[in-house]
Amino acid sequence: MIDTRRLRTLRAVADHGTVTAAAAALHLTPSAVSQQLAALEHEVGHRLLTRDGRGVHLTAVGKIMLDHANQVLAQLERAEAEVAAYTTGEAGEVTVACFATAISAVLSPAIAALRETSPGVRVRVQDAEGDHSLAMLLDGQADLAITVEYRGAPDAADPRLSRRPLYAEPFDLVLPGDHPLAGSATLVSLAAETWIGPYPGNPVHDVITFACQQAGFTPGLVHCSDDFRAVVALVGAGAGVALVPRLALRDMALPGVAVRQTPGPERRVFAAVRRGSDAHPLLRPLLATLREVAESLGTGSPEARRGAARDQAV
């Protein structure tokens, strides 16, 4: 009989690439992870991993076991959801990993709405950038992640996750108010400017870089901050220009800057849960409320709804 805890360990090692990183994610010691993997290999009767320097790679049998692990763990999530639904499960805590703009735009209003419609659902919020929130979800540190499409993100067919598109958000150009192009700037007209934006690794950095490259240039990112208020403050000080997600500018004081809409980049925001847990009675009302709040934003909702239909079919 294969122990499902060892399947979780195998998936964590596959996700993180090293025993040490998997151990940290699972709150175990590296020795304990190695013992779990050795026991699983004994149960299966085959080697599942090979070492490559400091990392590990799945063998052919390991990949087969990982596919089955994803199916088994999803089925367990469904079983827990059905049991919770049977016992009503109307009260409990849900941990959500979410980036700052979406906390303000959709998560906070959803929490306020849930106080009226599902008062037993308590939401615990963890501020996390998009590429970190999915890792937290898969490692069991969060029950739901609100994140963005980014290079290397799991797609809608990923067997570990169920995704629900929320909204598509355009980016706006932000320039110093006294900039010669403040009233007529386009993306390509700012190719030679000093740029301000998030650090490499932040999904927004990839969106901005790709948009500029599509316009024919690579932005000269001199100043870096993952805080959009800091980015706008630097623009206002005349340090450079920036592309900023529109919702990040909402309700922000904008002294000394000019904001221009420009066709092109946008970030697609979606909610994700572990596959099989969609019907959990604590997650179901939160997902529904997030969708309602997102639709009320009026930003990219038609495309988000089309994406929702595609994801529902997966």
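**Notebook: rings, cysteines and one helix residue**

I began with charges placed over rings, and I noted that the charged end of Arg163 sits over the ring of Phe270, 4.0 Å from its centre. I am working from a predicted model, and I keep that in mind for each entry below.

Next I looked up aromatic pairs, and a search of the whole structure gave me one. I found this pair to be Trp195 with Phe217, tilted, with 6.1 Å from centre to centre and 40° between the planes. I call the pair tilted because 40° falls neither under 30 degrees, as stacked rings would, nor over 60, as edge-to-face rings would. The pair links distant parts of the chain, since I traced Trp195 to strand β7 (residues 194-197) and Phe217 to the loop between α7 (203-214) and β8 (220-224), 22 residues apart. I then checked accessibility, and Trp195 is buried at a relative accessible area of 0%, while Phe217 is buried at 9%.

How many disulfides does the count come to? I get zero, and I looked at Cys212 and Cys224 to see the reason. The sulfur of Cys212 has its closest cysteine sulfur in Cys224, 13 Å away, which is too far for a bond, because a disulfide needs the two sulfur atoms within 2.5 Å. I also noted that Cys212 is buried, with a relative accessible area of 0%, whereas Cys224 counts as partly exposed at 28%.

Last, I turned to Gln75, which I placed in helix α4 (residues 60-86) and found partly exposed, with a relative accessible area of 44%. I recorded 8.3 Å between the C-alpha atoms of Gln75 and Arg275, although these residues are 200 residues apart along the chain.

How values were computed
Residues numbered from 1 in each chain as written. Predicted model: local features only at pLDDT ≥ 70, side-chain atom pairs only at ≥ 80, totals over all residues. Heavy atoms only, no water. Helix = DSSP H or I, 4+ residues; strand = E, 2+ residues; numbered from the N terminus. Buried < 20%, exposed > 50% of the residue type's maximum accessible area, 1.4 Å probe, protein only. Phe/Tyr/Trp six-rings, centres within 6.5 Å; stacked < 30°, edge-to-face > 60°. Lys NZ or Arg CZ within 6 Å of the ring centre and 35° of its normal.
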